[in-house]
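This report covers the surroundings of a ligand and the strands beside it.

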Amino acid sequence: MITGLSIVVRFTAMRQDRRPYWVKKTYLKFRYWYAEHFLRPACDELGAHHTIMKPWYVDINGPNITIGKCVTIVAEKYSPVKIGVWGRQPDSGKISIGDYVLLSPGVRLSASDEIIIGNNVMMANGVYLSDSDWHGVYDRTERDEKVTPIILHDNVWLGDSSIVLKGVTIGENSIVGANAVVSKDVPANVVVAGNPAKVVKHLDSSIERVTRREYFANPAEQAKYFDGLDRMVLEGNGFFNWLRTLIKPNNKD
Ligand SMILES: CC(C)(COP(=O)(O)OP(=O)(O)OC[C@H]1O[C@@H](n2cnc3c(N)ncnc32)[C@H](O)[C@@H]1OP(=O)(O)O)[C@@H](O)C(=O)NCCC(=O)NCCS
């Protein structure tokens, strides 16, 4: 049975985007409205120029959550993005996310006390950060009294399905390899990999870094550029042909 939602999912699954320009524009406006209407009130702060894809699959729970400007969050039905503070007191605990951060599908951030994420940090699919084990090793009914924040400095990149455990600080520019489990502090400018994660490489500090800050140097200009691109690519798409692709797609769609 073709439900409304499966049609929405379907139109992004074509070989090419068959939507007329105005349909895509309407969709983007709705997506922005949804984020502003439902996600902004869930945060103490949500910076300008956010790109939140499928914001209906983003879960933001708890107090003291701030998100900086130009964040990109990509959520999917079966890989929602979850940002949650479960403090020890009703108004305690915090998650602070810097500017230009990328959160990919399936990212989960769970804070008991404090998770601090710097600028330009990138998290690949399925990354998990938790500053608490949530249960004691001997007392399984309580979390540990010790506060063990996670701090990611600017430009950290966390690879696919990596996990950062309680009390870990990761230094500027460092990279965590796919599937790594980080249980100890990581210095700046290194690559760590494995479980438990160990330094496998030192980055060359003489090479200039290009980060998401540069990519978003002029958000208004960038938005204009992508709008122009959409207009050009989708211009020839007819409404009824697009409707037909939703109901009876063929191998040229
Ligand atoms: C971390 C990463 C970026 C490093 O790339 P790189 O700098 O080209 O690293 P190298 O290939 O030179 O690897 C250095 C060493 O670490 C090992 N290594 C690299 N990544 C590893 C990983 N994820 N797990 C285990 N070992 C790893 C390599 O085998 C190599 O070991 P060796 O020195 O014994 O030969 C890359 O390996 C990785 O994990 N990429 C996944 C990125 C990702 O998730 N992208 C999703 C989109 S955001």
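A residue is taken as near the ligand if its C-beta atom, placed from the backbone, lies within 6 Å of it. In this predicted model, the shell around the ligand holds 14 residues, and the closest are G159, D160, G177, A193 and V200. Two elements, β19 (190–193) and β20 (198–202), each give two or more residues to that shell. By class, eight residues of the shell are nonpolar, four are polar and two are charged.

The strands that supply these residues are also paired with each other: β19 and β20 are antiparallel. On its other pairing, β19 runs parallel to β17 (residues 175–176). The table lists both pairings.

| Strand pair | Sense | Bridges |
|---|---|---|
| β17 and β19 | parallel | two bridges |
| β19 and β20 | antiparallel | four bridges |

Individual positions can be placed within these pairings. I175 is opposite V191 of β19, while V190 has H202 in β20 as its bridge partner. Four residues lie between the strands in the hairpin of β19 and β20, where G194 adopts a positive phi near 95°.

How far does confidence extend along the chain? The mean pLDDT of the protein chain is 94, and 94% of its residues reach 70 or more. Residues 1–9 have pLDDT below 50, and this stretch makes two contacts in the model beyond near neighbours in sequence. Where pLDDT is low, predicted coordinates should not be read in detail.

Methods. Residues numbered from 1 in each chain as written. Predicted model: local features only at pLDDT ≥ 70, side-chain atom pairs only at ≥ 80, totals over all residues. Nonpolar A, V, L, I, M, F, W, Y, C, P; charged D, E, K, R; others polar. Pairing = 2+ DSSP bridges. pLDDT = per-residue confidence, 0-100. Contact = placed C-beta atoms within 7 Å.
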